[in-house]
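Hi,

Here is the structure I promised to pass on. Have a look at it first, and then read my notes below.

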Amino acid sequence: MDFNLITNAEQCHQLIKETVSLSLVYYSHIPTAIISLLVGLFVILKNRDLISKVLLGISITFSLWLFLDLIVWIGNYNTVLTMFVWSLLGMLDILFFMLSLYFVYLFIDKRDMPFNKKVILGVLFLPIIIFTSTRFNLSGFTFESCEAIDGKSFLDYIFYLEIAIAAWIILLSVGRYLKVEKDSKRQILLLVLGIIIFLLSFFGAGYIAGQTGNYDYELYGHFGMTVFMGFLAYLIVKFKAFDIKLLGEQALIVSQFALIAAMFTFATSTTNRILISITLAGTAIMGWFLIKSSKKLDERKEQLQIMAGKLSQANDQLRTLDNAKTEFISIASHQLRTPLTAIKGFISMLLEGSYGKLIPQQEDVLNKVYSSNERLVNLVEDLLNVSRMESGRMEFKFASWDMDKICQEVIDTFALRAKSCKLDLEYIKPEVALPELLIDGVKVREVISNLTDNAIKYTLEGHGGVKVKLEQLGENIRVTVSDTGIGIPDTELPYLFAKFSRGKDISRLNTGGTGLGLYVGKSMIENNGGRIWAESDGQNLGSRFIIELPIKQSEELLKKWG
Ligand code: ADP
């Protein structure tokens, strides 16, 4: 042991050079300290709350530790300086361990650390303040290994305190981890993993170096801080931790820039330095463009999100308006129905001669009034159906129905009309008797009637006819209503069954209609467990409307309507 301290110990220069590579010393100290300081400063500039201050505290204490440690390594072997700097390392060590614990508390609990915990930390820190400048910390300097001589108890105290703080962090986070929901779980895991990697690699590397006498290990331990900073950057980008908006591209470019810049620490020649500078400049320029374009993209994304929000609000308002309109139509239709029924009754009585015999002109006019009234009755019925359907008040009553009978009835109803339009109306019966279906036959008949009515309506007088075909296809019964009429263009097919959907070309047929029949029909068929669709070979080539109903009705519908 030698207490004779000097300011330039030649043998120590030699010894250090033999023990470690100086490039590694620089590489493990300078970039790590700069990255840690930059992240701390970046966070505090964006956000001034307590957690950012504590993070800055960690980065400052850690960088200071690195700076002082670097002096120990390369301090021009000034043993006086080495002794002074060495004596401060333990204190800084414990400081950034304790600040890390404080940081974890703030991050997980989102509020300040409880006062009693702070007191505990203060009490544990007290001996370090008291003994740092005494012989209990460093008792001298030995020129054999060119090291300060640590006081055993002081060193042990620091050693066990570090273990205790790391254990405290782990226990605290495991406890909280089990209680929070999934998204927070991931954040806790990432942060604590980052901190633990940082502290344990630092602690473990120092320990291994002490045990083996190989100080390279200690130097590698510093990189744990860079890993921690990487985790922090990820938390910021992914979860907007610390309420900071940072794009992944920005974080990536900056870290790449830092990594390349770090290569200066082991550049040995001027050529090396020039090449690194060129690479750095290239990275900076490309990074700048990348960040600019990704910022623009991000802005667009935000605008889109705002617009989507507004759109969904407008949608809600529209839905409310739509409901109000349905309600209005329902009330209005109910009020209309009563007088229309009365009109129908009186015209029928007039036509039957209940109020005296009519002359042919009167009969002709009354017939026209009757058919106009009928159209009005149908229109009101359609509107009522829509409002019932949309408010979920449409009821279905399932029973056994013979589809052949239904089709025959429809054909009988429309025979006269088809004849007056000079159209053939043909019913193609199945070859063998079909099984009966469990359906609401009244509703299904209404839909087939509507299809047949449309088929006649949309076929020019004297231009062909309408066929209704009934058949069994596998597990389904199929009804096809086909005509030789105006057909449906491809562009209109997908919208045919939508509310108020009316073809562009139908005006030339001058037919009255609302575009509600198919809309209501589709819902009626689907509530019967079937499906309905339309086919057409094109304009003026006729159309086919097809209904398929299952022979075996689904349990779900039977339960609902059976
Ligand atoms: P509406 O007949 O009252 O207009 P629908 O819902 O019954 O309402 O029919 C919607 C639209 O589908 C019609 O306006 C018409 O354009 C088209 N369409 C329906 N049936 C036929 C058909 N057989 N041939 C050609 N177009 C049809």
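Before the notes, one bit of vocabulary: two strands count as paired if DSSP finds at least two bridges between them. With that in hand, I477 stands opposite L549 in β9, and this couple sits in the pairing of strand β7 (residues 476-483) with β9, where seven bridges join the two strands in the antiparallel sense. Please keep in mind that what you are looking at is a predicted model.

**The sheet**

β7 and β9 belong to an open sheet of five strands, and the order across it is β4-β6-β7-β9-β8. The pairing in this sheet is mixed. Its edge strands are β4 (424-428) and β8 (531-536), each of which pairs on one side only. From one strand to the next, the twist averages 15°.

Starting from the β4 edge, β4 runs parallel to strand β6 (residues 465-473), and five bridges hold that pairing. If you want a spot to click on, D424 has G465 in β6 as its bridge partner.

At the other edge, β8 and β9 are antiparallel, with six bridges joining them. Here E535 has R544 in β9 for a bridge partner. The two strands form a hairpin with six residues between them. In that turn, G538 has a positive phi of about 130°.

So how much of β9 is buried? Seven of its eight residues are, and the strand is mostly covered.

**The ligand**

β9 comes up again at the ligand, so let's go there next. Which residues are closest to the ligand? They are N454, Y458, R502, G503 and L518, out of 21 residues that surround it.

Three polar contacts are handy to display:

- The side chain of N454 has an N or O atom 2.8 Å from an oxygen atom of the ligand.
- G517 uses its backbone: an N or O atom there lies 3.2 Å from an oxygen atom of the ligand.
- S543 has a side-chain N or O atom 3.1 Å from a nitrogen atom of the ligand.

On its own the ligand would expose 530 Å², and the protein buries 97% of that. Two or more residues of the shell come from each of α14 (441-457), α15 (517-527) and β9 (543-550). The largest share, three residues, is from α14. Sorted by class, the shell has nine nonpolar residues, nine polar ones and three charged ones.

**Elsewhere in the chain**

There is another hairpin to look at, made by β1 and β2 with four residues between them. C146 is in its turn and has a positive phi of about 55°. Strand β1 (residues 138-142) and strand β2 (residues 147-150) run antiparallel and are joined by four bridges. Within that pairing, F141 stands opposite A148 in β2.

Last, a residue in a helix: L81 is found in α4 (residues 79-109). Is L81 buried or exposed? Buried would need a relative accessible area under 20% and exposed one over 50%; L81 has 34%, so it counts as partly exposed. L68 is 13 residues away from L81 along the chain, and the C-alpha atoms of the two are 9.9 Å apart.

That's what I have. Shout if anything is unclear.

Cheers

Conventions: Residues numbered from 1 in each chain as written. Predicted model: local features only at pLDDT ≥ 70, side-chain atom pairs only at ≥ 80, totals over all residues. Heavy atoms only, no water. Axes fitted to C-alpha atoms, helices over the stretch in contact; angles between N-to-C directions. Near = heavy atom within 4 Å. Polar contact = N/O pair within 3.5 Å; in protein donor to acceptor, adjacent residues only side chain to side chain. Areas by Shrake-Rupley, 256 points an atom, 1.4 Å probe, with all protein chains shown as cover. Nonpolar A, V, L, I, M, F, W, Y, C, P; charged D, E, K, R; others polar. Buried < 20%, exposed > 50% of the residue type's maximum accessible area, 1.4 Å probe, protein only.
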